[in-house]
Amino acid sequence: MTARRPTAPAPSEITPEAAFLERRQWLVGALAAGVAAALPAAEAPAPTLRYQRNPRYALADKPNTYEEITHYNNYYEFGTDKADPAANAGNFRAHPWSLTVAGEAETTGTYTLEDILKPHPLEERVYRFRCVEAWSMVIPWVGFPLADLLRRFKPTSKARYVEFTTLYDPKQMPGQRDRVLPWPYVEGLRIDEAMHPLALLAVGVYGRGLPNQNGAPLRLVVPWKYGFKNIKAIVKIRFTERQPANTWAVATPSEYGFYANVNPNVDHPRWSQATERRIGEGFFAPRHPTLPFNGYADEVASLYQGMDLKRYF
């Protein structure tokens with residue numbers, strides 16, 4: 001680890017499918033050591049993780065299958081079609097990995113994946129996932145609260161936002177060779193959003209380490225927001241006084257805002273957001289009503305009290 005200042009961060013099953021229960025569990029260190037990366041990624045199972053199920057974050061909805069979760073994705077760094085990430089991410093190397101922390105914080109520097117994961121017990125949380133394209137999934141993520149990580153770096157009173165940046169490496173990420181978006185991918189949250197208990201830094205899905213196509217090795221999960229806010233393959237976190245210029249809002253500001261809260265009353269210019277299609281139910285299955293804040297309104301609506309959510313979309 002190289003850091004600008006000495007650091008001493010304070011330390012602070014839905015049940016997995018039956019097949020997963022019979023697999024021996026690996027320590028989190030196995031994820032950082034690159035167990036999955038040592039084998040052909042298209043065929044190799046991601047390593048299983050040691051974690052606890054958090055019963056507070058459980059849903060009555062049936063989760064999507066591992067196959068659905070890992071083979072129907074938006075991840076433009078690997079292509080614009082839903083099947084492209086799984087098809088094109090096989091040679092991506094998610095290990096070794098480092099994360100740079102910068103900006104308005106008392107502690108900054110560059111940290112290995114082991115540095116990041118070591119103090120944080122992993123837990124499984126089952127969240128609704130809603131894409132801005134009006135499709136949805138139910139996903140059992142494995143990770144830890146984003147707030148637990150951010151507190152380690154002691155953000156200052158000037159830190160009003162948290163900016164996240166994805167790896168930029170066109171050799172590994174063929175989609176970055178095209179100008180479909182301004183690279184690298186950048187996202188951001190207000191600091192109170194980032195510190196909310198629902199915000200998760202995910203390292204796995206269905207009890208396994210994140211596959212490359214799902215954002216290995218570190219991705220953001222903010223379940224009350226549309227999927228494009230859930231940035232993948234994070235290499236930098238920056239605390240900032242000014243609102244980050246997030247990639248999709250820069251590319252198409254009339255269609256994608258900074259907040260991206262799931263809102264059935266604010267349509268995308270090219271389609272309605274009032275209903276959604278659950279992946280796995282069939283294209284012609286009845287659509288589901290879109291829930292305000294993706295069903296998490298009781299927990300997060302107070303963050304936006306007094307805001308015009310049609311203006312701040």
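A residue is called buried when its relative accessible area is under 20%. By that cut-off, both Tyr127 and Tyr296 are buried. The structure shown is a predicted model, and the paragraphs below go through its strands, its nonpolar core, its aromatic pairs and a few details of the backbone.

A convenient starting point is strand S6, residues 135-145. Of the 11 residues in S6, 11 are buried, and the strand is thus mostly covered. Strand S6 has several pairing partners. Strand S5 (residues 123-130) is joined to S6 by eight bridges and runs antiparallel to it; within this pairing, Arg125 has Trp141 as its bridge partner in S6. Strand S9 (residues 200-205) is also antiparallel to S6, with five bridges between the two. Here Trp141 appears again, this time with Val205 in S9 as its bridge partner. Strand S13 (residues 275-278), in contrast, runs parallel to S6, and two bridges join them; the bridge partner of Trp135 in S13 is Arg277.

The connection between S5 and S6 is a hairpin with four residues between the strands. Ala134 lies in this loop and has a positive phi of about 75°, although it is not a glycine. Ala134 has a relative accessible area of 6%, so it counts as buried. A comparable case is Asn294, in the loop between S14 and H9, where phi is near 60°, again a positive value in a residue other than glycine. The relative accessibility of Asn294 is 2%, and therefore this residue is buried.

Strand S6 also leads to the nonpolar core. In soluble globular proteins, nonpolar side chains tend to be buried together. The largest nonpolar core in this model holds 82 residues, and those that touch the most other members are Trp141, Leu146, Phe164, Trp224 and Phe239. Strand S6 supplies the largest share of this core, namely six residues.

Phe239, one of those core residues, provides the link to another set of strands. In strand S12, Phe239 is the bridge partner of Gly103. The strands concerned, S3 and S12 (residues 234-240), run parallel and are joined by four bridges. Strand S3 (residues 98-103) pairs in addition with strand S4 (residues 109-112), in the antiparallel sense and over four bridges. Five residues separate S3 and S4, which form a hairpin, and Thr112 in S4 is the bridge partner of Ser98.

Aromatic pairs connect further parts of the chain; their count comes to 19. One of them joins Tyr111 and Phe153, with 5.3 Å centre to centre and 55° between the planes, a tilted arrangement. Tyr111 belongs to strand S4, whereas Phe153 is in the loop between helix H6 (146-152) and strand S7 (161-166); the two are 42 residues apart, and the pair links distant parts of the chain. Both of these residues, Tyr111 and Phe153, are buried. Another pair is formed by Tyr127 and Tyr296, whose ring centres are 5.9 Å apart and whose planes meet at 80°, so the arrangement is edge-to-face. Because Tyr127 lies in strand S5 and Tyr296 in the loop between strand S14 (288-289) and helix H9 (297-300), this pair ties together parts that are 169 residues apart in sequence. Ring pairs also link Tyr161, Phe258, Tyr259, Phe293, Tyr304 and Tyr312 into a cluster.

Two arginines are placed over aromatic faces. Arg128 lies over the face of Tyr296, 5.4 Å from the ring centre. Arg208 lies over the face of Tyr66, with a distance of 4.3 Å to the ring centre.

Among the polar details is Asn74, in the loop between helix H3 (66-71) and helix H4 (84-88). Its side chain makes a polar contact with the side chain of Lys82, at 3.1 Å. When neighbours within four places in sequence are set aside, Asn74 is in contact with Lys82, Cys131, Glu133, Trp135 and Lys232.

Finally, two cis peptide bonds deserve attention. The bond from His95 to Pro96 is cis, with omega near 0°, and Pro96 is located in the loop between H4 and S3. The bond from Trp183 to Pro184 is likewise cis, with omega near -5°; Pro184 lies in the loop between S7 and strand S8 (186-190).

Key: Residues are numbered from 1 along each chain as its sequence is written. This is a predicted model: local features need pLDDT of at least 70, side-chain atom pairs count only at pLDDT 80 or more; totals for chains, interfaces and linings use all residues. Side-chain values use heavy atoms; hydrogens and water are left out. A nonpolar core is a set of buried Ala, Val, Leu, Ile, Met, Phe, Trp, Tyr and Cys residues joined through side-chain atoms within 4.5 Å. Buried means under 20% relative accessible area, exposed over 50%, partly exposed in between (1.4 Å probe, protein chains only). Two strands pair if DSSP finds at least two bridges between them. Rings of Phe, Tyr and Trp (its six-membered ring) pair if their centres lie within 6.5 Å; planes under 30 degrees apart count as stacked, over 60 as edge-to-face and the rest as tilted. A charge sits over a ring if NZ of Lys or CZ of Arg is within 6 Å of the ring centre and within 35 degrees of the ring normal. A polar contact is a pair of N or O atoms within 3.5 Å; within protein, one must be able to donate a hydrogen and the other to accept it, and residues adjacent in sequence count only if both atoms are side-chain atoms. Contact means heavy atoms within 4.5 Å.
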